[in-house]
Amino acid sequence: PSVWGFPIFGPIFCGGIAGCGGAFLPLNKGLDPIKSGMATPMVSALTGAAVYHIFLNTSLSEGVVDAQKKAHFCLAIYFTMAGLAKGLGYVDAA
């Protein structure tokens with residue numbers, strides 16, 4: 001049973017896994033790719049999936065005109081800024 005009225009774990013987990021880029025493949029690697037910390041693409045994928053999913057499925061998006069389009073735009077800006085921050089050396093390239 002869930003406290004939420006909508007699926008919360010699955011969509012966020014799938015969004016996070018999509019951002020890994022196959023870091024855990026082949027599957028015999030186990031959790032070795034995240035032993036020294038999560039890479040920037042993994043963190044940005046998890047946070048992006050969580051924010052997007054929670055925003056659109058809660059009362060946060062009530063009254064927002066074209067909420068899905070605006071969420072897509074904000075997420076695109078976030079991913080662009082995260083990539084630039086990594087590329088310019090503002091965050092560790094784990």
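**View 1. Thr40 in helix α2.** Thr40 belongs to helix α2 of this predicted model. Buried or exposed, how does Thr40 count? With a relative accessibility of 16%, Thr40 counts as buried, because the cut-off for that class is under 20%. Beyond its neighbours within four places in sequence, Thr40 is in contact with Ala82, Lys86, Val91 and Asp92, so those are the residues to look for around its side of the picture.

**View 2. Helix α2 and what covers it.** Helix α2 takes in residues 40-57, 18 residues in total. From its first C-alpha to its last, α2 reaches 26 Å, which is close to the 26 Å expected at 1.5 Å a residue. Which residues of α2 are buried? They are Thr40, Met42, Ser44, Ala45, Gly48, Ala49 and His53. The cover over these buried residues includes α1 (9-18) and α3 (67-87). A helix turns once every 3.6 residues, so positions three or four places apart point the same way.

**View 3. The loop between α2 and α3, at Leu60.** Leu60 sits in the loop between α2 and α3. Its relative accessibility is 55%, so Leu60 counts as exposed. Setting aside neighbours within four places in sequence, Leu60 is in contact with Ile54 and Phe55. For a sense of distance, take Ala39: Leu60 and Ala39 are 21 residues apart in sequence, and their C-alpha atoms are 29 Å apart in space.

**View 4. The loop between α2 and α3, at Asp66.** Here is a backbone detail worth a pause: Asp66 is not a glycine, although it has a positive phi of about 55°. Asp66 lies in the loop between α2 and α3. At 48% relative accessibility, Asp66 counts as partly exposed.

**View 5. Lys70 in helix α3.** Moving into helix α3, we find Lys70. Lys70 counts as partly exposed, with a relative accessibility of 44%. Which residues does Lys70 touch, not counting those up to four places away in sequence? The answer is Val64 and Val65. Gly5 is 65 residues from Lys70 in sequence, and the two C-alpha atoms are 23 Å apart in space.

**View 6. Ala85 in helix α3.** Ala85 also has its place in helix α3. Leaving out residues up to four places away in sequence, Ala85 touches Tyr90 and Val91. Ala85 and Met38 are 47 residues apart along the chain, with 16 Å between their C-alpha atoms.

**View 7. A nonpolar patch on the surface.** Phe73, Ile77, Met81, Leu84, Leu88, Tyr90 and Val91 make up a nonpolar patch on the surface. Together these residues have about 780 Å² of accessible area. Met81, one of the patch members, is in helix α3. Two other members, Tyr90 and Val91, are the residues that Ala85 touches in the previous view.

**View 8. The salt bridge of Asp32 and Lys35.** How many salt bridges does a search of the whole structure find? The search finds one, and its partners are Asp32 and Lys35. Their closest N and O atoms are 3.0 Å apart. Side chains of opposite charge can pair when their charged atoms come close. Asp32 is partly exposed, with a relative accessible area of 45%, whereas Lys35 is exposed, with a relative accessible area of 67%.

**View 9. Cys14 without a disulfide.** Searching the whole structure turns up zero disulfides. Cys14 is accordingly in no disulfide, and the nearest cysteine sulfur, which belongs to Cys20, is 11 Å away. Why does Cys14 count as exposed? Its relative accessibility is 51%, and exposed means over 50%.

**View 10. The chain as a whole.** To place the close-ups, step back to the full chain, which has three helices and zero strands. Along the sequence the pattern reads α-α-α. The C-alpha trace spans about 45 × 40 × 15 Å along its principal axes. Of the 94 residues, 22% count as buried. The accessible surface comes to about 6700 Å², and 70% of this belongs to carbon and sulfur atoms. Among contacts between residues at least 6 apart in sequence, 55% join residues at least 24 apart.

Conventions: Residues numbered from 1 in each chain as written. Predicted model: local features only at pLDDT ≥ 70, side-chain atom pairs only at ≥ 80, totals over all residues. Heavy atoms only, no water. Helix = DSSP H or I, 4+ residues; strand = E, 2+ residues; numbered from the N terminus. Expected span 1.5 Å × (residues − 1). Buried < 20%, exposed > 50% of the residue type's maximum accessible area, 1.4 Å probe, protein only. Contact = heavy atoms within 4.5 Å. Patch = residues over 30% accessible without salt bridge, like charges linked within 9 Å, V, L, I, M, F, W, Y side chains within 5 Å. Areas by Shrake-Rupley, 256 points an atom, 1.4 Å probe, with all protein chains shown as cover. Salt bridge = Lys/Arg side-chain N within 4 Å of Asp/Glu carboxyl O. Disulfide = S-S within 2.5 Å.
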